Amino acid sequence: REPKSVLGSDDVRRATTRMAHEIIERNQGLDGVALIGIQTGGVWVADALGGEIARIDPDSAVPVGSIDASLYRDDIGLRPVSPAAVSDIDFDIDGITIVLVDDVLFTGRTVRAALDALADYGRPRAVQLAVVVDRGHRELPIRPDYVGKNLPTSSDENVAVTADGVVIS
Ligand code: 5GP
Ligand code: MG
């Protein structure tokens, strides 16, 4: 299939800026809010959102971490597990609001696994979900709180998401 550019780098940046504003607004400031990117595609997005939030609201320090959900997947054993990804959460998640961050939301199974992985670290007050692209085809009752772009896709398509843009092929 011919690759089709859906968003350019400016669009991705604007979407990230908007989501940062929405996260600040929804949480009435950022007291007790942290971002956690889902390995591997969500890590740069969490960093980008953290950077935007710091730019918009320099007085609030929002911790950013990452989580590897691969050992918690319901299809473990059916597919290879990447050994490189690791979780990195150097703050206490008990009682805080976690914004889970990923590049693409598809069936929802990765987010379900990430929620399971997160439970090993403690009990957040609430968990929200931010994704750059929601491509549909959910298989679980999971919906994002913050969306860069709703992108209708067919199941066999692939969406490439980077800071340089979004390409569907
Ligand atoms: P799900 O678990 O919701 O089926 O799929 C979402 C996870 O798989 C995300 O962690 C995402 O990184 C990856 N993913 C699924 N579909 C795509 C896609 O089209 N493009 C990219 N870049 N990642 C995808
Ligand atoms: Mg991923």
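In this predicted model, helix α3 has a set of buried residues, namely T110, V111, A113, A114, A117 and L118. They lie on the same side of α3, because the arc that they cover around the axis is only 160°. A general rule helps in reading such a pattern: an α-helix has 3.6 residues a turn, so residues three or four places apart point the same way. The partners of the buried residues of α3 are four strands: β2 (33–38), β3 (64–67), β4 and β5 (126–134).

**A residue that meets the helix**

Residue A69 belongs to the loop between β3 and β4. Is A69 buried or exposed? A69 counts as buried, because 23 C-beta neighbours lie inside 10 Å, and the limit for a buried residue is 20 or more. When residues up to four places away in sequence are not counted, A69 touches I38, T110, A113, A114 and A117. T110, A113, A114 and A117 are also among the buried residues of α3.

Residue T97, by contrast, is part of strand β4. T97 is classed as partly exposed because 18 other C-beta atoms are found within 10 Å. Its contacts, leaving aside neighbours within four places in sequence, are N27, G32, V33, P124, R125, A126 and Q128.

Separation along the chain and separation in space can be set side by side for two pairs of residues.

| Pair | Apart in sequence | C-alpha to C-alpha distance |
|---|---|---|
| A69 and R112 | 43 residues | 8.7 Å |
| T97 and H137 | 40 residues | 27 Å |

**The surroundings of the ligand**

Around ligand 1 there are 16 residues, and the closest are G41, F106, T107, T110 and V159. Three elements give two or more residues to this shell: β4 (97–105), α3 (109–119) and β7 (159–162). Which element gives the most to the shell? It is β4, with 4 residues. Sorted by class, the shell consists of 7 nonpolar, 5 polar and 4 charged residues. T110 therefore has two roles in this description, being one of the buried residues of α3 and one of the closest residues to ligand 1.

**An open sheet of three strands**

Strand β7 also takes part in an open sheet, in which 3 strands follow the order β1-β8-β7 with antiparallel pairing. β1 (4–8) and β7 stand at the edges with a single partner strand each, so one side of each has no neighbour in the sheet. From one strand to the next, the twist averages 15°. In general, strands of a sheet pair through backbone hydrogen bonds, either parallel or antiparallel.

β1 and β8 (residues 165–168) run antiparallel and are joined by 4 bridges. Within this pairing, S5 has V167 as its bridge partner, and K4 stands opposite I168. Helix α1 (residues 9–26) packs on the sheet and touches β1 and β8, and its direction makes about 50° with that of β1.

On the other side of the pairing scheme, β7 and β8 are likewise antiparallel and joined by 4 bridges. Here V159 has I168 as its bridge partner. A hairpin of 2 residues links β7 to β8.

Where do the side chains of β8 point? They alternate along the strand: V166 and I168 point to one face and are buried, whereas G165 and V167 point to the other and are not buried. I168, which is buried, is thus paired with V159 of β7 and stands opposite K4.

Terms used
Residues numbered from 1 in each chain as written. Chains lettered and ligands numbered in written order. Predicted model: local features only at pLDDT ≥ 70, side-chain atom pairs only at ≥ 80, totals over all residues. Near = placed C-beta within 6 Å. Nonpolar A, V, L, I, M, F, W, Y, C, P; charged D, E, K, R; others polar. Buried ≥ 20, exposed ≤ 12 C-beta atoms within 10 Å, placed from the backbone. Arc of directions from axis to C-beta. Contact = placed C-beta atoms within 7 Å. Pairing = 2+ DSSP bridges. Axes fitted to C-alpha atoms, helices over the stretch in contact; angles between N-to-C directions.
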